[in-house]
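Here are some questions a bench biochemist might put to a model like this one. Each answer sets a value against its cut-off and concludes.

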Amino acid sequence: MQQVFTKSMARNIFLGGAAFFLIIYLVLTYDSWQQIPKRDHADQMTPAVIAGKYLVDTHDCIGCHTINGEGSYYAPELGNVYKRRGGAFIEAWIRAQPTGVAGRRQMPQFNFTQSQLDDIVAYLKWLSNIDTNNWPPNIQG
Amino acid sequence: MKYSSQKVAMPYFIAALALFFGQIVFGLIAGLQYLDGTFLFPDLPFNVTRMSHTNLLIVWLLMAFMGAAYYIVPEEAQTELYSPKLALVTFWVFLAAAALTLAGYLFVPYSQLAAMTGDAILPTMGRGYLEQPLPTKIGIVLVALSLLFNVTMTLIKGRKTSLNLILIGSLWGLALLFLPAFYFPDDTVKASYGWWWIVHGWVEGDWELILGALLGFILIKMTGVDREIVEKWLYIIIAMTLMTGIIGIGHHYYYIGAPAYWIWLGSIFSALEPIPFLLLVAFAFKMLLQRRREHPNKAAMLWALATPIVAFLGAGLWGFMITLAPVQYYTHGTNFTAAHGHLAFFGAYAMVSLSIISYAMPLLRGREANSPSAQRWEMTGFWIMVFSMIVITLALTGAGIVTAFLQRSGDNPLGFMQVQDKERVFFWIREFAGLGFFSGLLVYLGSFFISGEYDYASEAKQALSA
Ligand code: HEM
Ligand code: HEM
Ligand SMILES: [Fe+2]
């Protein structure tokens with residue numbers, strides 16, 4: 001007699017397979033949660049870093065830039081910009097926007113205060129020290 | 001259309017198409033800003049154009065999915081919708097929330113919008129696709145709850161087909177997977193890790209179930225194939241989706257600070273993610289070959305058969321090209337990603353939405369199919385849009401490859417802006433193909449205004465005399 005593959009067998013594979021892999025994912029996520037704070041030096045997340053992160057989020061920097069490759073592809077990578085440019089350049093750069101060069105892509109003027117700029121730089125510095133498995137391949141991001 | 005309450009799907013479908021139109025307009029502006037960085041600056045900075053483009057995409061797809069649910073669930077359950085009135089009120093709430101949010105993006109600087117809407121109390125803003133202010137996010141949850149209540153109550157009082165269970169189950173999944181939008185920890189790595197629960201969880205998990213259910217419904221209706229066969233296929237397809245896609249989320253964890261074991265797990269499992277898309281192609285064509293009737297709505301059949309193919313190309317093939325860790329090392333966060341994002345979103349979710357609209361709209365307007373001339377317009381629009389989107393994809397792929405070589409490798413890698421300059425030709429091609437897409441969209445929308453319905457008698461006479 002021919003063994004028939006029925007709909008309810010297909011449904012059980014779906015339910016069982018989904019549940020099985022979901023549990024594996026949850027276990028892996030638990031482990032990742034233990035490791036991430038070490039890889040990103042969460043102990044160095046000072047109040048300035050956290051304040052800087054909030055400014056980066058609420059000004060939608062990732063609407064033009066990427067951070068560790070996530071975001072938009074219109075402007076340079078910010079995950080390693082601290083290593084590429086250094087804190088002084090970044091502050092001066094943000095203050096000097098927009099460049100107004102005809103036709104060139106523009107970044108808005110956000111009118112940050114000095115202490116806000118310090119916070120943003122602190123956050124970008126923290127970002128640049130995350131262990132990202134050696135990504136990006138070089139300093140250009 | 002068998003139940004009068006299915007009519008509430010109509011405003012959802014019409015709004016979906018209007019928002020689709022808006023999405024493309026912002027896409028064209030964003031594409032132009034790539035080439036002329038001062039275009040509309042500072043009134044409309046690129047990031048605002050972009051969030052308008054991507055959020056309109058998500059909203060119109062959700063509109064189409066909801067319309068589809070209100071259309072399909074009663075027909076499958078063989079009973080009227082639990083509350084058509086609630087569905088209609090929900091429609092207007094959703095549309096108003098979307099319009100207000102868009103106005104907020106366009107007329108209020110983003111940081112001020114955050115300050116005005118209580119982002120400091122519960123930070124949620126400033127992530128891709130999740131740019132909406134807190135009140136909008138809460139509104140989305142309420143709209144979802146209303147939909148879920150309505151369709152679940154309909155299911156409870158009616159026939160419980162597997163297809164309906166898959167559809168309604170995946171709508172619950174869609175809403176549940178949105179909840180991490182309210183989780184935005186200070187730790188950027190954990191934030192990214194959790195952001196993918198929504199983005200990857202939707203497009204490479206839950207939404208594939210919706211995709212399967214909508215295609216399954218259309219194919220049952222149009223080919224007359226036995227539902228048992230269709231539903232068995234559906235279970236196999238969605239089993240493959242989740243068995244590859246859940247651990248496949250690891251393809252987003254290679255280079256963001258997550259542990260290194262994701263490089264192996266993500267590469268192996270995500271490399272298998274094209275399988276369900278391939279099965280979807282096989283399924284659609286098998287149903288076509290086994291069809292028991294010739295449905296007069298040729299345009300809907302074209303959409304329904306092309307959807308799995310373009311979805312396979314965009315998600316399966318283009319996704320595969322960037323999913324293995326050693327390749328992604330060079331392509332991560334380049335326009336190669338955007339190439340894949342465009343063809344996958346269009347091929348899978350835009351096209352399945354247009355498929356169900358193509359199938360259901362004539363029925364909602366009281367005819368089995370549109371007149372042959374209206375269908376010809378629709379199919380012309382189809383071909384122009386599909387062709388243009390493939391050109392857009394190829395252009396963005398070219399740009400991504402140039403970045404991989406000039407900026408990401410070699411002994412003297414060039415800076416970002418210098419490399420972008422060398423890619424201008426690709427951005428021009430993308431923009432012209434975008435204009436092509438826009439003209440295809442106009443032709444497509446025009447088909448709705450060609451009156452008349454499918455007339456069996458005259459079609460038969462023509463066929464005989466030919
Ligand atoms: C027709 C002309 C279109 C043009 C010119 C266009 C242009 C653009 C541009 C410039 C971006 C921003 C890329 C960046 O971050 O640097 C973008 C993003 C995006 N667009 Fe389009 N678009 C078009 C149509 C579409 C369609 C039809 C869809 C889907 C159905 C779509 C889906 C998306 C998605 C998902 C993103 C985010 C991509 C990512 O983050 O990788 N677009 N588009
Ligand atoms: C219809 C289904 C799919 C849709 C709509 C879709 C859409 C997208 C979008 C919009 C992004 C960009 C996200 C962002 O950073 O903003 C993305 C990234 C990605 N997708 Fe998909 N995708 C689909 C299926 C797949 C499949 C099946 C695979 C693998 C075979 C895949 C592999 C990837 C990879 C590896 C990335 C990350 C690219 C990077 O590192 O920059 N996708 N997808
Ligand atoms: Fe993914």
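Q: What makes the shell around ligand 1 nonpolar, polar or charged, residue by residue?
A: In this predicted model, the shell divides into 16 nonpolar, nine polar and two charged residues. Tyr counts as nonpolar and His as polar, because the classes go by residue name. Tyr73(A), Tyr34(B), Arg50(B), His53(B) and His342(B) are the closest of the 27 residues that surround ligand 1.

Q: How do you know where ligand 1 lies?
A: Ligand 1 lies between chains A and B. The closest residues include Tyr73(A) and Tyr34(B). A residue is near if one of its heavy atoms lies within 4 Å, so both count.

Q: Which residues put polar side-chain atoms by ligand 1, and why do these pairs count as polar contacts?
A: A polar side-chain atom of Tyr73(A) lies 3.0 Å from an oxygen atom of ligand 1. For His342(B), the partner is a nitrogen atom of ligand 1, at 2.8 Å. Tyr129(B) has a side-chain N or O atom 3.5 Å from an oxygen atom of the ligand. The cut-off is 3.5 Å between N or O atoms, so these pairs count.

Q: Which helix gives the most to the shell around ligand 1?
A: Helix 1 of chain B, with seven residues. Helix 2, helix 13, helix 14 and helix 16 of chain B are among those that each supply at least two.

Q: Why is His340(B) called a donor to the iron atom of ligand 2?
A: NE2 of His340(B) is 1.9 Å from that iron atom. The donor limit is 2.8 Å, so His340(B) qualifies. His340(B) is the single donor from the protein, and its place is in helix 13 (residues 335-364) of chain B.

Q: What else comes nearest to ligand 2?
A: Gln328(B), His332(B), Gly333(B) and Thr337(B) join His340(B) as the nearest of 27 residues. A polar side-chain atom of Gln328(B) lies 3.3 Å from an oxygen atom of ligand 2. Gly333(B) uses a backbone N or O atom, 2.9 Å from an oxygen atom of the ligand. Both distances fall within 3.5 Å, so both are polar contacts.

Q: Which helix gives the largest share of the shell around ligand 2?
A: Helix 13 of chain B, with seven residues. The whole shell divides into 14 nonpolar, 11 polar and two charged residues.

Q: What makes His200(B), Glu204(B), His251(B) and His252(B) donors of the iron ion (ligand 3)?
A: Their donor atoms lie 2.1 to 2.7 Å from the ion. That range is within the 2.8 Å limit, so each one counts. Glu204(B) is listed with OE twice. In sequence, the donor residues are spaced H-x3-E-x46-H-H. His200(B) is in helix 7 of chain B, and His252(B) is in the loop between helix 8 and helix 9, 52 residues apart.

Q: How far apart are the iron ion (ligand 3) and the iron atom of ligand 2?
A: They are 4.4 Å apart.

Q: Why is the pair Glu228(B) and Lys7(A) called a salt bridge?
A: Their closest N and O atoms are 3.2 Å apart. The rule asks for a Lys or Arg nitrogen within 4 Å of an Asp or Glu carboxyl oxygen, so the pair passes. Side chains of opposite charge can pair when their charged atoms come close. The count between chain B and chain A is two salt bridges.

Q: What makes up the contact between the chains?
A: Chain B gives 83 residues and chain A gives 68. The two chains bury about 6200 Å² between them, 63% of it on carbon and sulfur atoms. There are 36 residue pairs in polar contact across the interface (both at pLDDT 80 or more). Helix 8 (residues 227-248) of chain B gives the largest share of the side of chain B that touches chain A, 11 residues. By class, that side has 49 nonpolar, 22 polar and 12 charged residues.

Q: How do you know that Glu75(B) and Lys2(B) form a salt bridge?
A: The N to O distance is 3.5 Å. That is within 4 Å, so the pair counts. Glu75(B) is in helix 2 of chain B, while Lys2(B) is in the segment before helix 1, 73 residues apart. Over all chains, the whole structure has 10 salt bridges.

Terms used. Residues numbered from 1 in each chain as written. Chains lettered and ligands numbered in written order. Predicted model: local features only at pLDDT ≥ 70, side-chain atom pairs only at ≥ 80, totals over all residues. Heavy atoms only, no water. Donors = N, O, S within 2.8 Å, 3.2 Å for Na, K, Ca; no water. Helix = DSSP H or I, 4+ residues; strand = E, 2+ residues; numbered from the N terminus. Contact = heavy atoms within 4.5 Å. Buried area = accessible area lost by both parts, 1.4 Å probe. Salt bridge = Lys/Arg side-chain N within 4 Å of Asp/Glu carboxyl O. Polar contact = N/O pair within 3.5 Å; in protein donor to acceptor, adjacent residues only side chain to side chain.
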